[in-house]
Amino acid sequence: MVRPFGGADESEDMDATVVVTEVRDVGPDTVAIEFETPDGFEADPGQFVKLSGTVDGEEYDRFYTLSSPDVQETFEVTVGLDPEEAGPFSRHLVNLEAGDELGVSGPFGRSYYKGESRVVVLAGGPGIGPVSYTHL
Ligand SMILES: Cc1cc2nc3c(=O)[nH]c(=O)nc-3n(C[C@H](O)[C@H](O)[C@H](O)COP(=O)(O)OP(=O)(O)OC[C@H]3O[C@@H](n4cnc5c(N)ncnc54)[C@H](O)[C@@H]3O)c2cc1C
């Protein structure tokens, strides 16, 4: 079932500190960042998390869509860096290394996939994240 926006959200939100396990270049100015999944964290394709951290003494938090096929052992987000307009937090994210830590909360989002065997999705821009997560 693809839940409509505004539908009931049955997921349990959580706040945790997560450890980066890998950072990979996946395209021009684009990296996939993998984290160890904290205990109790569950999410469905299409949902997103809030990442938080300190950059030059300032606290930042921004939302990122999950881009891994599941969240069982690790989970992943994909961050695009606009070379001209990027703010401090996305610049910080693309320079992370294995072993670094960030805060995570979520998951958020009421429009996601729930085990459908066949779906058709049209996506562009920010919509690419949840589409890659479904492994269509
Ligand atoms: C629900 C949700 C899901 C999101 N999922 C993702 C995701 O999966 N991957 C991802 O990279 N971002 C995603 N974002 C955007 C992300 O939350 C940040 O806004 C982005 O990383 C820029 O943060 P910043 O602090 O570096 O820049 P800011 O200081 O917040 O922004 C500075 C200016 O530059 C613009 N800007 C910065 N980076 C970009 C960019 N890459 N493309 C276009 N304009 C930009 C901003 O719009 C703003 O005008 C998502 C946002 C929302 C609301």
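## Exercises on a predicted fold

Aspartate 25 has valine 31 of strand E2 as its bridge partner. This pair is a handy way into the model, which is predicted. Keep the structure open as you work.

**Exercise 1. Find how E1 and E2 are joined and what aspartate 29 does between them.**

Step 1. Locate the strands: E1 covers 14–27 and E2 covers 30–36.
Step 2. Look at the pairing. E1 and E2 run antiparallel and are joined by six bridges.
Step 3. Turn to the connection, a hairpin with two residues between the strands. Aspartate 29 lies in this loop, and its phi is near 50°, a positive value in a residue other than glycine.
Step 4. Put that in context: most residues other than glycine have a negative phi.
Step 5. Check the surroundings. Aspartate 29 has 13 C-beta neighbours inside 10 Å, so it counts as partly exposed.

**Exercise 2. Is aspartate 56, in the loop between E3 and E4, buried or exposed?**

Step 1. Place the residue: aspartate 56 sits in the loop that links E3 and E4.
Step 2. Read the backbone. Its phi is about 50°, positive although the residue is not a glycine.
Step 3. Count the neighbours. Aspartate 56 is exposed, because 7 other C-beta atoms lie within 10 Å and the limit for exposed is 12 or fewer.

**Exercise 3. Work out the strand order of the sheet.**

Step 1. Begin with the inventory: the protein has two helices and six strands, arranged from the N terminus as β-β-β-β-β-α-β-α.
Step 2. Follow the partners of E6. With E1, strand E6 pairs in the antiparallel sense over six bridges; here valine 19 has glutamate 101 as its partner in E6.
Step 3. E6 (residues 101–108) also pairs with E3 (residues 48–55), antiparallel and over four bridges, and serine 52 stands opposite glycine 103.
Step 4. Assemble the whole. The open sheet has six strands in the order E4-E3-E6-E1-E2-E5, with antiparallel pairing. E4 and E5 are the edge strands, each pairing on one side only. On average, neighbouring strands are turned by 40° against each other, direction ignored.
Step 5. Take one more look at E6, which contains proline 107. The peptide bond leading from glycine 106 to proline 107 is cis, with omega near 5°. Most peptide bonds are trans.

**Exercise 4. Which elements supply the shell around the ligand?**

Step 1. List the residues: 19 surround the ligand, and the closest are Asp82, Glu85, Gly87, Phe89 and Ser90.
Step 2. Assign them to elements. Strand E4 (58–65), strand E5 (74–80) and helix H1 (88–94) each give at least two residues, with the largest share, five residues, coming from E4.
Step 3. Sort by character: ten residues of the shell are nonpolar, six are polar and three are charged.

**Exercise 5. Decide where the coordinates call for caution.**

Step 1. Take the overall figures. The average pLDDT is 84, and 82% of the residues score at least 70.
Step 2. Find the weak stretch: residues 1–10 have a pLDDT below 50, yet in the model they make 14 contacts beyond near neighbours in sequence.
Step 3. Apply the usual rule: where pLDDT is low, the predicted coordinates should not be read in detail.
Step 4. Finish with two totals. Of the 136 residues, 28% count as buried. Among contacts with a separation of 6 or more, 69% come from residues 24 or more positions apart.

Conventions:
Residues are numbered from 1 along each chain as its sequence is written. This is a predicted model: local features need pLDDT of at least 70, side-chain atom pairs count only at pLDDT 80 or more; totals for chains, interfaces and linings use all residues. A residue is buried if 20 or more other C-beta atoms lie within 10 Å of its own, exposed if 12 or fewer, and partly exposed in between; C-beta atoms are placed from the backbone. Two residues are in contact if their C-beta atoms, placed from the backbone, lie within 7 Å. Ala, Val, Leu, Ile, Met, Phe, Trp, Tyr, Cys and Pro count as nonpolar, Asp, Glu, Lys and Arg as charged, and the others, Gly among them, as polar. pLDDT is the predictor's confidence in each residue, from 0 to 100. Two strands pair if DSSP finds at least two bridges between them. Axes are lines fitted to C-alpha atoms, for helices over the stretch in contact, and angles run from 0 to 180 degrees between N-to-C directions.
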